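Here is a short, informal walk through one protein chain. Have the viewer open and follow along.

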Amino acid sequence: AHVPDVANPLVPGTETLSVRGAGSHVDGSAGFSNWGTSGNTATITFSDQATGTFGGINLASSATMGTVGNFSVRNDGSGGAVVNTGSISIAAISSGTQGTLTIDGAGSTLMQSAAAILEVGSIAATGSATVNVQNGGTLNAGSGLTQVNNTGTINVNAGTLNSTGNL
C-alpha cells in the first residue's frame, strides 16, 4: 500500500484529497501519511460512508510557519465515514502551524489502533491544533497517551470521545 502525502514539499500550494461514498476507500497503511508540510495547505475529507486505513497521520506537522492541515471525517447526509489509523500528530512540531481534525455527524468515526498516540498542538506559544468531535461523531483514541499541548484544544459537542489511554 502506498502512503498518501498531501501538500508536501514536492507539490507546493494547496492540495485536496476528497473520498466520498460507499465503496470509496484509501489505503495508506504502509506508514505515516503527511498532510500539510513546508508552508503548504492540505484538506482531506472522508464522507458519506467512505473508508480509510492509515499507519499514522502527521497533520500540519512542519517546522515551517503557515503550514495548514484540515482533516474531516463526516456524514454529509448519506451515512458516516470511518477512518482507522495509528498515531496522530496535529500541528505538534513548531509554532505558526494550524491543524484541525473534525469528526462530524452520526456514524462518522475515527478509530486509532491499540497503542496509538494522539498529540494535539505544540509546546510553542503560537499556532493552533483543534480536534472537534460533534453531532454524533465518535473519536476512539488509542491506549497510548492523548496529549494536549499549549496550542491544542479538544472540543466535544454532542459527540463521543473514547480514550482508553492517559489523557
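## Ground rules

Two strands pair if DSSP finds at least two bridges between them. Helices (H or I, at least four residues) and strands (E, at least two) are DSSP runs, numbered from the N terminus.

What you're looking at is a predicted model, with local features needing pLDDT of at least 70, side-chain atom pairs counting only at pLDDT 80 or more, and totals for chains, interfaces and linings using all residues. Residues are numbered from 1 along each chain as its sequence is written, and side-chain values use heavy atoms, with hydrogens and water left out.

## The chain as a whole

How many helices and strands does the protein chain have? It has zero helices and 15 strands. The radius of gyration (taken over C-alpha atoms) is 14 Å, close to the 15 Å that the globule rule gives for 167 residues, so the chain is as compact as a globular protein of that length. That rule is 2.2 Å times the number of residues to the power 0.38. Along the principal axes, the C-alpha atoms fill a box of roughly 35 × 35 × 25 Å.

Buried residues make up 50% of the 167; buried means under 20% relative accessible area, exposed means over 50%, and partly exposed is in between (1.4 Å probe, protein chains only). The chain exposes about 6,800 Å², and carbon and sulfur atoms supply 50% of that. These areas come from the Shrake-Rupley method with a 1.4 Å probe, and for residues only the protein chains shown count as cover. As for contacts (heavy atoms within 4.5 Å), take those between residues at least 6 apart in sequence: 79% of them join residues at least 24 apart.

## Strand S11 and its partners

Strand S11 covers residues 128–134 and is mostly covered, with five of its seven residues buried. S11 pairs with S8 in the parallel sense over seven bridges. One spot to click on is Gly99, whose bridge partner in S11 is Ala129.

S11 is also joined to strand S14 (residues 152–157) by six bridges, and these two run parallel as well. Here Asn132 stands opposite Asn155 in S14. A bit of background for the viewer: in a regular strand the side chains alternate between the two faces of the sheet.

## The aromatic cluster

Rings of Phe, Tyr and Trp (its six-membered ring) pair if their centres lie within 6.5 Å; planes under 30 degrees apart count as stacked, over 60 as edge-to-face and the rest as tilted. By this rule the count comes to four aromatic pairs. Why is the pair of Trp35 and Phe54 edge-to-face? The ring centres are 5.1 Å apart and the planes sit at 85°, so the pair gets that label. Trp35 is in strand S2 (residues 25–35) and Phe54 in strand S4 (residues 51–59), so this pair links distant parts of the chain, 19 residues apart.

Phe54 also pairs with Phe46: with centres 5.9 Å apart and planes at 80°, that pair is edge-to-face too. Are these rings buried or exposed? Trp35 counts as buried at 0% relative accessibility, Phe54 counts as buried at 3%, and Phe46 is buried at 0%. Add Phe71, and Trp35, Phe46, Phe54 and Phe71 form one aromatic cluster.

## Asn58 in strand S4

Asn58 is found in strand S4. Not counting residues up to four places away in sequence, Asn58 touches Phe32, Ser33, Asn34, Trp35 and Ser89.

With Asn34 there is a side-chain to side-chain polar contact at 2.9 Å. A polar contact is a pair of N or O atoms within 3.5 Å; within protein, one must be able to donate a hydrogen and the other to accept it, and residues adjacent in sequence count only if both atoms are side-chain atoms. Asn58 and Gly69 are eleven residues apart in sequence and 9.0 Å apart in space, C-alpha to C-alpha.

## Loop residues

Thr97 and Ala91 share a loop: Thr97 is placed between strand S7 (88–90) and strand S8 (98–104), and Ala91 lies between S7 and S8. Thr97 is buried at 1% relative accessible area. Leaving aside neighbours within four places in sequence, Thr97 is in contact with residues including Ala91, Gly127 and Ser128.

Most residues other than glycine have a negative phi. Ala91 has a positive phi of about 45° although it is not a glycine, and at 1% relative accessibility it counts as buried. Gln49 has a positive phi too, near 75°. That residue is in the loop between strand S3 (41–47) and S4 and is partly exposed, at 40% relative accessible area.
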